[in-house]
Amino acid sequence: MLVVAGPEVPWRSLVHAADILLVTADGPIPTASILAAMAAGVPIVSTPNASLAAVLRHHQTALVAPSAQPRSICAQLEQFLTNPSLRSTLTQNAQAVIQADFGVPAMLESFAALYKIAPAPMLAI
């Protein structure tokens with residue numbers, strides 16, 4: 001089944017049923033849905049996108065195809081469909097990135113760093 005989901009579709013609820021996520025947007029993308037797919041172990045094929053560059057790395061956490069090149073996008077999709085080892089490796093890498101960068105320990109560390117640099121509160125007299 002192919003689902004074409006635009007911004008109005010709550011496709012985060014569809015992530016666990018997906019075999020592959022294809023992301024071909026040129027503009028800003030809400031990254032929470034992409035992160036949810038990565039955490040769920042859904043392989044991702046994407047075109048280059050500044051919003052996703054930090055997490056979707058070609059042949060590390062996803063397959064990235066040049067924009068406006070349908071044959072290249074199809075070739076990346078075919079790699080996931082025909083190479084279970086690649087699919088497994090990249091989804092495991094993506095899950096590790098999610099855990100390392102967005103898991104509870106990482107969030108606690110980020111909050112602690114903010115408290116260290118925050119100015120002391122001023123007391124009203």
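A residue counts as buried when its relative accessible area is under 20%. Keep that cut-off at hand for these exercises on a predicted model.

**Exercise 1. Get an overview of the protein.**

Start with the elements: the protein has 4 helices and 3 strands. Next, follow them from the N terminus, and you will read the order β-α-β-β-α-α-α. Then turn to burial: of the 125 residues in the protein, 30% are buried. Finally, look at the outside, where the accessible surface comes to about 8400 Å². Carbon and sulfur atoms hold 63% of that surface.

**Exercise 2. Work out how helix 1 and helix 3 pack.**

Two packed helices are described by the angle between their axes and the distance between the axes. First, find helix 1 at residues 31-39 and helix 3 at residues 84-102. Their axes are 8 Å apart and form an angle of about 120 degrees. Helix 1 is therefore oblique to helix 3. Now pick out the residues that meet: L35, M38 and A39 come from helix 1, while A94, Q95, I98 and F102 come from helix 3. Sorting the residues of this contact gives 6 nonpolar, 1 polar and no charged.

**Exercise 3. Decide whether N49 is buried or exposed, and find what it touches.**

Begin by locating N49 in the loop between strand 2 (44-46) and strand 3 (63-64). Its relative accessibility is 8%. The cut-off for burial is under 20%, so N49 counts as buried. Leaving out residues up to four places away in sequence, N49 touches A25, D26, G27 and I29. Last, zoom in on A25: its backbone oxygen lies 2.8 Å from a polar atom of the N49 side chain.

How values were computed:
Residues are numbered from 1 along each chain as its sequence is written. This is a predicted model: local features need pLDDT of at least 70, side-chain atom pairs count only at pLDDT 80 or more; totals for chains, interfaces and linings use all residues. Side-chain values use heavy atoms; hydrogens and water are left out. Axes are lines fitted to C-alpha atoms, for helices over the stretch in contact, and angles run from 0 to 180 degrees between N-to-C directions. Helices (H or I, at least four residues) and strands (E, at least two) are DSSP runs, numbered from the N terminus. Angles under 35 degrees count as roughly parallel, over 145 as roughly antiparallel, 65 to 115 as roughly perpendicular and the rest as oblique. Contact means heavy atoms within 4.5 Å. Ala, Val, Leu, Ile, Met, Phe, Trp, Tyr, Cys and Pro count as nonpolar, Asp, Glu, Lys and Arg as charged, and the others, Gly among them, as polar. Buried means under 20% relative accessible area, exposed over 50%, partly exposed in between (1.4 Å probe, protein chains only). Accessible areas come from the Shrake-Rupley method with a 1.4 Å probe; for residues, only the protein chains shown count as cover. A polar contact is a pair of N or O atoms within 3.5 Å; within protein, one must be able to donate a hydrogen and the other to accept it, and residues adjacent in sequence count only if both atoms are side-chain atoms.
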